[in-house]
Amino acid sequence: MKKMMLAAAALLAAPAAYAQSQGDGMKMLAAADSNGDGVVTRDEYARARAANFARMDRNRDGAVSKADFKRLARFKPEAASRLDTLIAAMDANKDGQATRAEFEAAPMPLFDSADANGDGRIDANEMAAAKARIDAMKQQR
Ligand SMILES: [Ca+2]
Ligand SMILES: [Ca+2]
Ligand SMILES: [Ca+2]
């Protein structure tokens, strides 16, 4: 219940950006099925997220921060602001950078909301339902 209220609050704050970031998250979630069995487990999602971290930490200082996408901020401010949102979500101690440990320890609200029956696996039906929810959210702009 608390989770739903948080989601609703985020939705009120920035509907378009929120739907967009959820859409990005879904792409990552769907791509996390590394063994290709059509089911995304928590482990697969955690590994995908760790891989994402490695990609985002461009200057290899062990944390993802604004310093990693200065060029992006100049040429694609919209994409950069989406990254800001992502970093803020992972940045548990609010020091402006998301460390690897923070990435690994961060909650998985998207995974949890997609895993409707709470068995730690997102099967094809759950994935389709989660995508439909986010598409509906995007259309409400
Ligand atoms: Ca799998
Ligand atoms: Ca960095
Ligand atoms: Ca499930």
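# A tour from a loop residue to a calcium site

Begin by selecting Lys94, which sits in the loop between helix H5 (77–90) and strand E3 (98–99). Keep in mind throughout the tour that this is a predicted model. Lys94 has a phi near 55°, a positive value in a residue other than glycine, and with a relative accessible area of 61% this lysine is exposed. Most residues other than glycine have a negative phi.

Next, select Arg60, which you will find in the loop between helix H3 (42–56) and strand E2 (63–64). Although Arg60 is not a glycine, its phi is positive, at about 55°, and its relative accessibility of 60% means that Arg60 counts as exposed.

Now move to the calcium ion (ligand 3) and show the side chains around the ion. Which residues coordinate the calcium ion (ligand 3)? The donors are Asp115 through OD, Asn117 through OD1, Asp119 through OD, Arg121 through its O atom, and Glu126 through OE, listed twice, at 2.1 to 2.7 Å. The angles among the 6 donor atoms run from 51 to 163°, and the site is irregular. If you follow the donor residues along the sequence, you will see that their spacing reads D-x1-N-x1-D-x1-R-x4-E. Asp115 belongs to the loop between helix H7 (109–114) and strand E4 (121–122), whereas Glu126 belongs to helix H8 (residues 124–139), so this pair ties together parts that are 11 residues apart in sequence.

Are these two residues, Asp115 and Glu126, buried or exposed? Asp115 counts as buried, at 6% relative accessibility, and Glu126 is likewise buried, with a relative accessible area of 9%.

From Glu126, extend the selection to the whole of H8. This helix has 16 residues and reaches 23 Å from its first C-alpha to its last, which is close to the 22 Å expected at 1.5 Å a residue. Colour Glu126, Met127, Ala130, Ile134 and Met137, which are the buried residues to look for in H8. They cover an arc of only 100° around the axis, and therefore lie on the same side of H8. An α-helix has 3.6 residues a turn, so residues three or four places apart point the same way. Turn the view to the other side of H8, where Ala124, Asn125 and Gln139 are exposed.

Finish at the start of H8 by selecting Asp123 together with Asn125: a side-chain oxygen of Asp123 comes to within 3.1 Å of the backbone nitrogen of Asn125.

Methods
Residues are numbered from 1 along each chain as its sequence is written. Chains are lettered from A and ligands numbered from 1 in the order in which they are written. This is a predicted model: local features need pLDDT of at least 70, side-chain atom pairs count only at pLDDT 80 or more; totals for chains, interfaces and linings use all residues. Side-chain values use heavy atoms; hydrogens and water are left out. Donors are N, O and S atoms within 2.8 Å of the metal (3.2 Å for Na, K and Ca); water is not among the atoms, so sites may look incomplete. Four donors count as tetrahedral if all angles lie between 85 and 135 degrees; four count as square planar and six as octahedral if opposite donors are over 155 degrees apart and all others between 65 and 115; anything else is irregular. Helices (H or I, at least four residues) and strands (E, at least two) are DSSP runs, numbered from the N terminus. Buried means under 20% relative accessible area, exposed over 50%, partly exposed in between (1.4 Å probe, protein chains only). The expected span of a helix is 1.5 Å times one less than its number of residues. The arc is that of the directions from the helix axis to the C-beta atoms. A polar contact is a pair of N or O atoms within 3.5 Å; within protein, one must be able to donate a hydrogen and the other to accept it, and residues adjacent in sequence count only if both atoms are side-chain atoms.
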